[in-house]
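Visitor: I should like a close look at a single part of this model. Please take me through the aromatic rings, and then set them beside other local features.

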Amino acid sequence: MSLETRIRSGLRAAAADEPAGQPTDIDEVKAAAAKRVRRDRSLRFATTGIALLTVVLVVANLVAINQEERAPVAPVLAEGETLLATDPVIVQGAPAPEPVFDTDSLGVEQPLTALSDTRRIEAAAALHLQMASDPDVLRITSVGTTTGGDDIVILHLYENSPGDGRRLQTRCVIPSGGCAGELVDDPSIDPTELLQPDPRDGPTHEVGGPGQLTWDVPLNAAVVVLTVNGGSVWQRPIAGVVVFDTVLVDGDRFEGESLDERGNPLTSFAFTARDE
């Protein structure tokens with residue numbers, strides 16, 4: 001409807017409202033008609049605006065809800081850990097407490113160098129993932145690089161148990177620390193939490209040439225000393241793990257001891273290497 005048509009319609013309506021037999025000023029009639037047109041237009045604009053605002057608010061609310069549902073859950077970090085990546089979750093393991101005693105008498109330090117290159121971390125875990133049965137990575141923890149140049153990571157994953165296909169949560173220290181697994185439906189573990197090491201377990205080691213000795217120690221261990229045939233080296237754990245480069249041969253006597261930040265003994269082991 002054109003503006004002229006609306007004015008004419010308004011004039012007719014205004015004339016119809018006037019009492020019969022009374023003269024009407026044409027200017028007043030025109031003014032009343034124009035006012036009615038403006039009022040009708042404002043009402044339409046207001047109604048349209050409210051409807052549009054309602055649609056915008058509904059859409060915005062739906063988008064916000066959708067984004068909230070899709071937002072990834074931030075991984076829970078232990079004290080001292082640093083998040084390096086989220087897909088998969090990769091963290092830098094927490095360093096051991098700083099020793100407050102003199103370590104000069106412990107022998108030669110064999111430190112783990114920090115490893116934060118996510119490509120190298122993923123590469124270190126890749127070989128085991130290729131051998132795993134239907135793996136689902138939960139987390140990779142970077143331990144560090146040994147003095148011999150081996151990248152060490154802790155891999156947490158779900159995989160199928162060999163034989164019966166039941167689901168396992170597995171923790172592997174790579175490259176040579178071995179793996180431990182627990183059935184997800186075992187009531188002794190919580191499938192929503194990462195499988196934890198048992199510091200009471202002995203070390204994993206290789207005999208017959210160059211390799212690594214890996215040992216899970218208490219989280220309050222500040223220093224671990226490894227003695228092979230009377231010669232000692234020491235290391236500060238990362239994520240509760242120590243990894244020493246070794247060359248053990250049959251008959252070698254080797255001992256390990258973890259110490260707290262004041263040098264008090266925590267755990268220990270003593271073995272004779274056997275090439276089996």
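Guide: The following account begins with the aromatic rings and then turns to the disulfide and to one loop residue. The model is a predicted one. It holds four aromatic pairs. In one of these, W215 and F269 have ring centres 4.7 Å apart. Their planes stand at 90 degrees, and the pair is therefore edge-to-face, a class that requires an angle over 60 degrees. This pair connects distant parts of the chain, since W215 belongs to strand β8 (residues 209–216) and F269 to strand β13 (residues 265–272), 54 residues apart. Both partners are shielded: W215 has 2% relative accessibility and counts as buried, and F269, with a relative accessible area of 9%, is buried as well. The pair also belongs to a wider arrangement, in which ring pairs link W215, F254, F269 and F271 into a cluster.

A covalent link comes next. The structure holds one disulfide, formed by C172 and C179, whose sulfur atoms are 2.0 Å apart. The torsion about their S-S bond is about 115 degrees, so the disulfide is right-handed. The two cysteines differ in their surroundings: C172 counts as buried because its relative accessibility is 0%, whereas C179 is partly exposed at 45%.

Finally, there is the loop residue. G230 lies between β9 (223–228) and β10 (231–235). With 68% relative accessibility, G230 counts as exposed. The C-alpha atoms of G230 and R253 are separated by 8.3 Å, although these residues are 23 residues apart along the chain.

Conventions: Residues numbered from 1 in each chain as written. Predicted model: local features only at pLDDT ≥ 70, side-chain atom pairs only at ≥ 80, totals over all residues. Heavy atoms only, no water. Helix = DSSP H or I, 4+ residues; strand = E, 2+ residues; numbered from the N terminus. Buried < 20%, exposed > 50% of the residue type's maximum accessible area, 1.4 Å probe, protein only. Disulfide = S-S within 2.5 Å. Phe/Tyr/Trp six-rings, centres within 6.5 Å; stacked < 30°, edge-to-face > 60°.
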